[in-house]
Amino acid sequence: MAEAQGDLHLALRAVRRRAGRYNMLPTWYLSTFLREEGRLAALTGDTAGAIRAYQHHLALRPDPEPEVKPEVERVGAELAKLMRQRGS
């Protein structure tokens, strides 16, 4: 909701407080939270946070099923882009 209202920093804080931390959601949502955390962190300029979230996301998906492989490839491409930018 915060993102829809244009408050990306609030949206990032919300996703970082993910309910899974409090055992309210099963851990199978963790990869989604991490993907969104990486995306929002990148949008707000938190490159280190985005890289960390994307790396964790990819570590959870070492051999993705065919239906999620495109998403994993997108995250990998975004991570590579952020790594190149950080190195510049």
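This short talk walks through the helices of one structure, the core they share, and a few individual residues.

Before the details, please keep in mind that this is a predicted model, in which local features need pLDDT of at least 70 and side-chain atom pairs count only at pLDDT 80 or more, while totals for chains, interfaces and linings use all residues. Residues are numbered from 1 along each chain as its sequence is written, and side-chain values use heavy atoms, with hydrogens and water left out.

Let me start with the core. The largest nonpolar core, meaning a set of buried Ala, Val, Leu, Ile, Met, Phe, Trp, Tyr and Cys residues joined through side-chain atoms within 4.5 Å, has 13 residues, and those with the most contacts inside it are Leu12, Val15, Leu40, Tyr54 and Leu82. At least two residues of this core come from each of helix H1 (8-16), helix H2 (30-43), H3 and helix H4 (69-87), where helices are DSSP runs of H or I with at least four residues, numbered from the N terminus. In soluble globular proteins, nonpolar side chains tend to be buried together. Leu82, if we set aside residues up to four places away in sequence, touches Ala42, Thr47, Ala50, Ile51 and Tyr54, contact being heavy atoms within 4.5 Å.

Now to H3. Which residues of H3 are buried? They are Gly49, Ala50, Ile51, Ala53, Tyr54 and His57, with buried meaning under 20% relative accessible area, exposed over 50% and partly exposed in between, using a 1.4 Å probe and protein chains only. These buried residues of H3 pack against H1, H2 and H4. His57, which lies in H3 (residues 47-59), counts as buried because its relative accessibility is 0%, and, apart from its neighbours within four places in sequence, His57 is in contact with Ser31, Leu34, Arg35, Glu71 and Val75.

Turning to the pair H1 and H2, these helices pack at an angle of about 150°, with their axes 9 Å apart, the axes being lines fitted to C-alpha atoms over the stretch in contact and the angles running from 0 to 180 degrees between N-to-C directions. H1 is therefore roughly antiparallel to H2, a label for angles over 145 degrees, whereas those under 35 count as roughly parallel, 65 to 115 as roughly perpendicular and the rest as oblique.

Finally, Gln85 sits in helix H4 and counts as partly exposed because its relative accessibility is 46%. The C-alpha atoms of Gln85 and Thr47 are separated by 8.9 Å, although these residues are 38 residues apart along the chain.
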